[in-house]
Amino acid sequence: MTRLPCASSLLLLLLPVALCLTPEEPTFFSAVTLQNDGTNVPIHDRPRTRPRRREDIDPKSGADSPLLNYVNYGKDGHPYEQVQRHYQQRRLSTENDSNIKNNSSEDEIVATGRILQEAQSSFQPLRIHFDTTELDLWSMQSTYTAQLVEYLTQQVLPQMAKAWSSALSVVRVMENLRIDYNSCPFGDPQQSPSFSEQGVPNADLVIYVTANSDDCYRGSSRTLASAFSCSWDQVDRPIAGSIDFCLDAIDLASIDQFPSTNIGGVDGDALNPEADKSLQLAVGRAVHELAHVLGVTSADMIFFYDSTTGLRRTINPQMMEVTCIDRQRRELYVPDKSVLQEKYSKQGVRSFE
């Protein structure tokens, strides 16, 4: 029996990462701001179909999985697509030429290495688009919730986006990014640009921001936020997800210490130390949650790619019975050891890396 953390705290390095990137400013959309009287907008507690989750995808399927969405990465496609095409062509060639077959391993390493090396310039800072339609509906409930929503949209979300855009680079989407509403049933199906034929311009990731989902009220612990991905491209990269904030878990007293007309002191009003500390804690939590959208979950690990080969690290995933960090035994697909390994300290403390 293998032990595996079913809720991983690992930092995902799906794609080449640079810690000194110039971050891209996030873009925002809200259908609520299009209505002056608050009518004809989706209500926050409307019945919702189940969003797609990573567990829905057969890990043994390839880019042709019906649950993956094709994204335009240019004439030659994503570098990992180019590598896959190279291997497919190579396999066809080796069927009839024994000389190629004998030298295939070394040649393939050289050829795929050249593809990935030439593609390095294609990786640019991650661009995030927020759809805050459902979150903004809570601002209509009371002055109290309006202040919480303003705090999240003006401070927490932009700083969270800046943190990830500074750290993570991706091959950018060449056209506008379109998301299937059946995969991610959030926002406004009629007005959210991500669901339209035109799509969202200048975006590599769409985040639907909601509040006070059922997860906020499960169990005895105080949940602060939760997040997951709901749409992925042909090379398994998350391109859309949801982050849900539990408004009751936000400390309104600390928010009251911000200047009332300029939350965060953007135009020169300095934050007092307590307000700044509260903001940084909130941003840190949001950064953590977005990591789950980007792939830091046990269900995502079998889809991790090796940036040096352009292939999935877990070539042939196997279902195994595992013991999770909550000590419950479950059957899960286990990732390759190049993705996750169990370690023990000298004191016998178990960890994963």
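Modeller: Quick one before we start: pLDDT is the predictor's confidence in each residue, from 0 to 100. We need that here, since this is a predicted model.

Biologist: Fair enough. Over residues 1-19, how many contacts beyond four places in sequence does the model have?

Modeller: Start with the chain as a whole: its mean pLDDT is 81, and 78% of the residues reach 70 or more. Residues 1-19 are another story, with pLDDT under 50 throughout. Residues 40-44 also stay under 50, and the model has 15 contacts beyond four places in sequence for them. For residues 1-19, the count of such contacts is 70.

Biologist: On to the rings. How many aromatic pairs does the count come to?

Modeller: Two rings pair if their centres lie within 6.5 Å. By that rule, the number of aromatic pairs is six.

Biologist: Which class does the pair of Tyr 80 and Tyr 305 fall into: stacked, edge-to-face or tilted?

Modeller: The ring centres of Tyr 80 and Tyr 305 are 5.0 Å apart, and their planes make an angle of 5°. The cut-off for the parallel class is under 30 degrees. So the pair of Tyr 80 and Tyr 305 is stacked.

Biologist: And how many residues apart are those two in the chain?

Modeller: Tyr 80 belongs to helix α1 and Tyr 305 to strand β9, so go by the numbering: α1 covers residues 79-94 and β9 covers residues 305-306. This pair links distant parts of the chain, and the gap between Tyr 80 and Tyr 305 in residues is 225.

Biologist: Is Tyr 305 buried or exposed?

Modeller: Under 20% relative accessible area counts as buried. Its partner Tyr 80 has 2%, which makes Tyr 80 buried. Tyr 305 has a relative accessible area of 6%, so Tyr 305 is buried.

Biologist: What about Phe 186 and Phe 228: stacked, edge-to-face or tilted?

Modeller: Their ring centres are 6.3 Å apart and the planes sit at 55°. Stacked needs under 30 degrees and edge-to-face over 60. An angle of 55° therefore makes the pair of Phe 186 and Phe 228 tilted.

Biologist: How far apart in sequence are the parts that this Phe pair ties together?

Modeller: Phe 186 lies in the loop between β5 and β6, while Phe 228 is in strand β7. Both Phe 186 and Phe 228 are buried, and they belong to one aromatic cluster with Tyr 181, Phe 195 and Tyr 208. The parts tied together by Phe 186 and Phe 228 have a sequence separation, in residues, of 42.

Biologist: Which residue lies over the face of Phe 228?

Modeller: There's a charge over a ring at Phe 303 too, with the charged end of Arg 54 at 4.5 Å from that ring's centre. For Phe 228, the distance to the ring centre is 3.8 Å, and the residue over its face is Arg 53.

Biologist: Now the disulfides. Is the link of Cys 184 and Cys 230 left-handed or right-handed?

Modeller: The structure holds two disulfides, and in this one the S to S distance is 2.0 Å. Both of its cysteines are buried. The angle about the S-S bond is 115°, and the link of Cys 184 and Cys 230 is right-handed.

Biologist: And the disulfide of Cys 216 and Cys 246: left-handed or right-handed?

Modeller: Here the sulfur atoms of Cys 216 and Cys 246 are 2.1 Å apart. Cys 216 is buried at 12% relative accessible area, as is Cys 246 at 4%. The torsion about their S-S bond is about -90°, so this disulfide is left-handed.

Biologist: Which element gives the largest share of the largest nonpolar core?

Modeller: That core has 36 residues, with Ile 128 and Ile 207 touching the most other members. Elements that give two or more residues are β4, α4, β6, β7, β8 and α6. The largest share is nine residues, and the element giving them is α4.

Biologist: Last one: how far apart in space are Asp 64 and Gln 234, C-alpha to C-alpha?

Modeller: Asp 64 is in the loop between β2 and α1. At 69% relative accessible area, Asp 64 is exposed. Asp 64 and Gln 234 are 170 residues apart in sequence, yet their C-alpha to C-alpha distance is 7.5 Å.

Terms used:
Residues are numbered from 1 along each chain as its sequence is written. This is a predicted model: local features need pLDDT of at least 70, side-chain atom pairs count only at pLDDT 80 or more; totals for chains, interfaces and linings use all residues. Side-chain values use heavy atoms; hydrogens and water are left out. Helices (H or I, at least four residues) and strands (E, at least two) are DSSP runs, numbered from the N terminus. Buried means under 20% relative accessible area, exposed over 50%, partly exposed in between (1.4 Å probe, protein chains only). A charge sits over a ring if NZ of Lys or CZ of Arg is within 6 Å of the ring centre and within 35 degrees of the ring normal. Contact means heavy atoms within 4.5 Å. A disulfide is a pair of cysteine sulfur atoms within 2.5 Å. A nonpolar core is a set of buried Ala, Val, Leu, Ile, Met, Phe, Trp, Tyr and Cys residues joined through side-chain atoms within 4.5 Å.
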